[in-house]
Structures are given as C-alpha cells and as structure tokens.
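Biologist: Let's go through this model one piece at a time. I'll ask, you explain.

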Amino acid sequence: MRVVILKNAEQISCRAADVFGQLIQARPAAVLGLATGGTPLGTYRELIRRYRAGEISFSQVTTFNLDEYVGLPRDHSQSYHTFMHENLFSQADFDTDNCHLPDGSCVDPAQAGVDYEQKIAAAGGIDLQLLGIGTDGHIAFNEPGSSLASRTRLKALTEQTRSDNARFFESIDEVPRLAITMGIGSILDTQRIVLLANGAGKADAVQALVEGPVTAQVPASALQLHPHVTILLDEAAATKLS
Ligand code: F6R
C-alpha cells in the first residue's frame, strides 16, 4: 500500500486524474471502476478539463460504478445514475452504453447483484478502481461487519452513512435505507486501486485503514490485502497517521 500525502484536495484530484490518464493512454479500452460522493468530484472535473483540452478520450472505456441506492428511480436527482451522468458521462465522450451502475430500481436486487458481477467478468474485470472512504470505514456501501469476501449484493446502510449522505437530500428521512453495492471481494479483484480521502472528518477512518488490523469492522482495512493500492490524502486526512 502506497500512501501519498498532498497539500489539498485539488492536488489529490490532479494526481488521481494522472493515474487515469496514464492508464487510458496505455489502454484506450480500459475498464474503469468509479465512485460517487463528494470526494471524486474534483477528479471528474479534472478529467473533463483534460478531455476538453484534447488530452484524453473516454470513447473506448467501459465503466462500472461501485453502488446505487435501492428504491430511487434511475432519473431521481440523487440516484447515482443521475450523479454520474451529470458530473462525468455527459460532459465528455463516454459511450453511455458502456457505462454501468447496479440497477437499484429492479424488482430482484439479489439477482441484480449476480448480473452485475457477470457483466464485470464479461468485460474482463476492472483495471483501475477509484474509491472514497466513509467516516465509518466503509468502501462502496460495504458497511462495518461486511464479509471481506463479499460480492455485489443488497446491503442496508448504517445510520452513520445515512446521516453523512443526508446533505444531498431534503432530509434524512429521504435517504434510502438499502443499496446494491460491489462487495469487498469484488473490489479486491480489481487490478489497481486508488483511494482518495480529504478533510479531518476522514482522519480516523484513514488511520484504521492504513495502520489498523484487517477487520470486517473497518471494511477499508481489507485494502491492506491488495497488492496495488495507492492512497491519496490531504494533510488533514493524514493527521492521525503515525
Ligand atoms: C460512493 C461510495 C462511498 C463513498 C463514501 C465517501 O460510490 O462508494 O463509499 O466513497 O461514502 O463519500 P464522500 O466522498 O461523499 O465523503
């Protein structure tokens, strides 16, 4: 695990965009694993800037997002489908037929998880996975207690995560209670992982991820088992590291 401490969120975004850029240059038809939430927004803005400057093209990439709320229609303003289309896919030359998210509005979420795993496998697996981290140590929506071998499945969100995400909704009552999420096992199968964290609110989770024991109580700690992980932090998120 490589830990890189940078000055601020902007530098993190540029560094993460560099990693994507290098991969896509070497492999234009790369398979990208993408995340939602506040943390990757700067990276997406930087990738869009580079696309508009003619430095990068996404026309051949395939993407898989980590997770999607269950119970929100795809076109809901807070669905992750909407998030990705607004903040990335519609702003560059992505072929949206090749941009995948779990189907949170399906009638059979358990089957949707199995189908999603099959789609990832059929694409040849994920070359580069972008991750954020929850204040409770979750990655994707693998909440504390998730099996380290878990695959894409239905998962209940903790009250901590619902309250963290309430900022995107009118009130916490509107935050869904369930999501379909790639599992920790699915994430560990990806070729390379870049996790981003900024701000003091992430410092405890980052410390547990990097220096704590590998435990289902801190799902991100499972990344210690992966051979090719880069953690990009700002100074505030790194304050608890020894
Ligand atoms: C989002 C996801 C989550 C977020 C995490 C941090 O697709 O999988 O694990 O990465 O909740 O969210 P932010 O970036 O909003 O702090």
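**Strands, helices and a core**

Biologist: In E3, which residue is the bridge partner of Gly 33?
Modeller: This is a predicted model, so local features need pLDDT of at least 70, side-chain atom pairs count only at pLDDT 80 or more, and totals for chains, interfaces and linings use all residues. Residues are numbered from 1 along each chain as its sequence is written. Strand E2 (residues 31–34) pairs with strand E3 (residues 62–65) in the parallel sense over four bridges; strands (at least two residues) and helices (H or I, at least four) are DSSP runs numbered from the N terminus, and pairing takes at least two DSSP bridges. In E3, the partner of Gly 33 is Phe 64.

Biologist: Is the crossover from E2 to E3 right-handed or left-handed?
Modeller: The chain goes from E2 through helix H2 (residues 41–52) to E3, a β-α-β crossover. With the strands pointing away from you, a clockwise path over the helix counts as right-handed. This one is right-handed.

Biologist: And in E6, which residue is the bridge partner of Gly 33?
Modeller: E2 also pairs in the parallel sense with strand E6 (residues 128–131), over two bridges. There, Gly 33 is matched with Gln 129.

Biologist: Which strands stand at the edges of the sheet?
Modeller: Seven strands make an open, parallel sheet in the order E1-E10-E9-E6-E2-E3-E5. Two of them have a single partner strand each, so one side of each is left without a neighbour in the sheet. Those are E1 and E5.

Biologist: What angle does H1 make with E10?
Modeller: Helix H1 (residues 9–26) packs on the sheet, touching E1, E6, E9 and E10. Axes are lines fitted to C-alpha atoms, for helices over the stretch in contact, and angles between N-to-C directions run from 0 to 180 degrees. For H1 and E10, that gives about 155 degrees.

Biologist: Which element gives the largest share of the largest nonpolar core?
Modeller: Such a core is a set of buried Ala, Val, Leu, Ile, Met, Phe, Trp, Tyr and Cys residues joined through C-beta atoms within 7 Å, and buried means 20 or more other C-beta atoms within 10 Å of a residue's own. This one has 66 residues, with Ile 133, Leu 195, Val 206 and Leu 209 touching the most other members. The largest share, six residues, comes from H1.

Biologist: Which strands do the buried residues of H7 pack against?
Modeller: Helix H7 (residues 203–211) has buried residues including Val 206 and Leu 209. Contact means C-beta atoms, placed from the backbone, within 7 Å. The buried residues of H7 pack against E1, E9 and E10.

Key: Buried ≥ 20, exposed ≤ 12 C-beta atoms within 10 Å, placed from the backbone. Contact = placed C-beta atoms within 7 Å.
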